[in-house]
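Open the structure in your viewer and set side chains to be displayed as sticks. The stops below suggest what to select next and describe what is found at each one.

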Amino acid sequence: MDHGNLDKAMELFALLITGEEISSAQHVDLYEAYQNNSEVYDILMSVLKKSNLSLYEFGNSLYVTAGEGNRIFGFTNDELKRAIGLRLNRELYLAYFIIYNIILIFYKDSGSFSYAEYVRCEEVVAQTDGSLQKAMKALHDRALNAVEENSFQTLAALWEDMPLVPGNDDMASLKAARGSKTGFIKLVFNFLISQDLFFESQGRYYIKPRFRALAENYYEENRSRLYNIVTGGDKDASY
């Protein structure tokens, strides 16, 4: 093994796990080493695999994300609740569901990506409403298992108990909070902004390249039972 290649691979790893941009515009020498040096690539991929991290490439840039159950680079449920501003597990699962529906706004199917630059809270409310309606219909039309049935019933009850906005507040001035659908969605977006996935301007939430990289790869790798339930897809799809 060439020690120079090892050094480059480990420098790539160190920068990626701290959120540094590795691209054709930033840290160009390392990006070219990743692209053109097979030993650097192999070492980096081996270290990432052992660290339970996935590497995604999008727009000539590299991004990493934690694998399932990654206790070092990922979040525990309790850490996520604190980061988003939630208290209950069912609120966290609703936040997961909302994030999934944000992805669905941009990805309608594997071959069709919407290049809309931004989304508004009201669009996410409408998407979440529609997904839960389809999921509840699936409770009657399909043989969902007990876990699925209880999960969707819990999410639907929590979502439906929330007003669109609290009291007499208007949509534009509403702050992120747990007491309404719009406020809850703003809590979720605040978290996504903190993770460098979105930025906000005048009530519009603009997607960033990191979101596109993660969402596109998530869609291709993990579209499964949940996708089919909330979109009315093939009922026999595997998990």
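## A tour of contacts

Begin by selecting Glu91, which at 6% relative accessibility counts as buried, where buried means under 20% relative accessible area, exposed over 50% and partly exposed in between, computed with a 1.4 Å probe on protein chains only. This is a predicted model, in which local features need pLDDT of at least 70 and side-chain atom pairs count only at pLDDT 80 or more, while totals for chains, interfaces and linings use all residues. Residues are numbered from 1 along each chain as its sequence is written, and side-chain values use heavy atoms, with hydrogens and water left out.

Now add Arg178 to the selection: Arg178 and Glu91 form a salt bridge, their closest N and O atoms being 2.8 Å apart, the term standing for a side-chain nitrogen of Lys or Arg within 4 Å of a carboxyl oxygen of Asp or Glu. The pair links distant parts of the chain, 87 residues apart, with Glu91 in helix α5 (residues 89–106) and Arg178 in the loop between α7 (146–160) and α8 (181–194). Helices (H or I, at least four residues) and strands (E, at least two) are DSSP runs numbered from the N terminus. Unlike buried Glu91, Arg178 counts as partly exposed, at 27% relative accessibility.

A search of the whole structure finds 4 salt bridges, and another of them is reached by selecting Asp78 and Lys81, whose side chains meet at 3.2 Å, N to O. Because these two residues are 3 apart in helix α4 (residues 77–84), about one helical turn separates them. Asp78 is partly exposed, with a relative accessible area of 46%, whereas Lys81 counts as buried at 10%.

Next, select Lys208 and Asp196, which form a salt bridge with the closest N and O atoms 2.5 Å apart. Lys208 lies in the loop between β8 (204–207) and α9 (209–222) and Asp196 in the loop between α8 and β7 (198–201), so the pair ties together parts that are 12 residues apart in sequence.

Finally, turn to the aromatic rings, of which the structure holds 9 pairs; rings of Phe, Tyr and Trp (its six-membered ring) pair if their centres lie within 6.5 Å, and planes under 30 degrees apart count as stacked, over 60 as edge-to-face and the rest as tilted. Select Phe189 and Tyr205, a stacked pair with 3.9 Å centre to centre and 10° between the planes. Phe189 is in helix α8 and Tyr205 in strand β8, 16 residues apart, and both are buried. Extending the selection to Phe106, Phe198 and Phe211 shows one aromatic cluster, formed by these three together with Phe189 and Tyr205.
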